Amino acid sequence: LKKTLLDSWIKAINRKGQAIIYGPPGTGKTFVADHLAKHLIGGGDGFKELVQFHPAYSYEDFVQGIRPKSRDDGKLEYSIAPGRFLNFCKKAKSCKDICVMIIDEINRANLSRVFGELMYLLEYRGDEIPLAADEKLFGIPRNVRIIGTMNTADRSIALVDHALRRRFAFLQLQPEYDTLRLYHGRKGTIFPIEGLIQVLKSLNEDIRDPHYQVGISYFMDEDLGAQIEDVWKMEIEPYLEEYFFHDKEKIKNYKWDAIQARITP
């Protein structure tokens with residue numbers, strides 16, 4: 001990624017307090033999020049944590065909720081326990097510098113339900129409001145940043161709640177072919193990368209929808225020459241069979257036997 005773009009992303013994250021890196025599969029969203037987090041921390045006393053959302057992830061997991069706890073007499077008691085984000089914020093309060101929570105696959109959970117009162121606090125940093133379970137005042141520390149990743153092949157941005165959408169900066173990540181060139185150049189591999197790049201460009205033009213393009217991270221492997229056939233047959237072809245389900249001819253054009261000579265002449 002160009003430095004000017006990364007600088008604008010850093011500014012956006014600091015301006016809003018939270019951002020979502022979105023794009024098709026294999027574009028390195030989590031990798032970029034991790035490096036942005038390290039840059040934001042910048043060698044200070046801050047820290048980063050990663051949590052992965054999934055369909056069963058809840059407000060109780062993220063903010064706070066009632067959880068059973070075994071007592072010495074063998075009975076259960078039900079007490080209010082903080083979730084990942086409350087614990088993260090408590091730890092961040094003791095730091096002077098930026099602390100970053102990375103939420104991987106943020107769109108796989110029901111965001112409105114998971115965030116709850118955070119919907120307000122994400123926009124009004126510095127304010128405090130009572131939480132639902134214990135009515136204790138809570139606010140997001142000013143040194144906290146949130147970076148989410150969103151696979152647009154799973155869920156379009158259009159399906160994200162409008163109220164949530166305006167609270168996040170959205171940073172689009174598309175396949176960066178120059179990154180693939182740089183990777184293999186730095187690693188000194190002898191793989192003929194230009195042939196692969198031309199096939200990927202042709203494939204992504206045929207896919208048309210930028211949310212479903214094939215990314216480059218599948219091919220960032222030092223031993224790509226030995227792995228490319230398996231990667232294509234076992235990871236790329238199944239994805240294309242799903243995407244081109246109603247267009248069998250397109251699938252034929254990108255079967256390994258059809259493109260092998262173009263990739264490994």
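Which residues of strand 1 lie on one side and which on the other, and are they buried or exposed? Select strand 1, residues 18-23. Q18, I20 and Y22 lie on one side, A19, I21 and G23 lie on the other, and all of them are buried, where buried means under 20% relative accessible area, exposed means over 50% and partly exposed means in between (1.4 Å probe, protein chains only). Because 6 of the 6 residues are buried, strand 1 is largely enclosed by the rest of the structure. Strands (E, at least two residues) and helices (H or I, at least four) are DSSP runs, numbered from the N terminus.

The model on the screen is predicted: local features need pLDDT of at least 70, and side-chain atom pairs count only at pLDDT 80 or more, while totals for chains, interfaces and linings use all residues. Residues are numbered from 1 along each chain as its sequence is written, and side-chain values use heavy atoms, with hydrogens and water left out.

**The partners of strand 1**

Add strand 8, residues 144-151, which pairs with strand 1 in the parallel sense over 6 bridges; two strands pair if DSSP finds at least two bridges between them. Then add strand 9, residues 169-172, which pairs with strand 1, also in the parallel sense, over 4 bridges. Place the view on I21: it stands opposite T149 in strand 8 and opposite L171 in strand 9.

**Helix 9 and helix 8**

Select helix 9, residues 193-207. Its 15 residues reach 21 Å from the first C-alpha to the last, close to the 21 Å expected at 1.5 Å a residue; the expected span is 1.5 Å times one less than the number of residues. Colour I193, L196, I197, V199, L200, L203, N204 and I207, which are buried. Seen down the axis, these buried residues fall within an arc of 160 degrees, so they line one face of helix 9; the arc is that of the directions from the helix axis to the C-beta atoms. An α-helix has 3.6 residues a turn, so residues three or four places apart point the same way. The cover over the buried residues of helix 9 includes helix 8 (177-187), helix 10 (224-243) and helix 12 (256-263). Just after helix 9, R208 takes a positive phi of about 70 degrees.

Move to helix 8, where Y177, L180, Y183 and H184 are buried. These fall within an arc of 120 degrees, so they line one face of helix 8. G185 and R186, on the other side, are exposed. The buried residues of helix 8 pack against helix 9 and helix 10, contact meaning heavy atoms within 4.5 Å.

**Aromatic rings**

A search of the whole structure finds 16 aromatic pairs. Rings of Phe, Tyr and Trp (its six-membered ring) pair if their centres lie within 6.5 Å; planes under 30 degrees apart count as stacked, over 60 as edge-to-face and the rest as tilted. Select Y243 and F244, an edge-to-face pair with 5.1 Å between centres and 80 degrees between planes. Y243 is partly exposed at 29% relative accessibility, whereas F244 is buried at 5%.

Next, display the aromatic cluster that includes F47, F53 and Y57. K91 lies over the face of F47, at 4.3 Å from the ring centre; a charge sits over a ring if NZ of Lys or CZ of Arg is within 6 Å of the ring centre and within 35 degrees of the ring normal.

**A loop residue**

Finish at R108, in the loop between strand 5 (99-104) and helix 5 (111-115). Leaving aside neighbours within four places in sequence, R108 is in contact with F53, H54 and P55.
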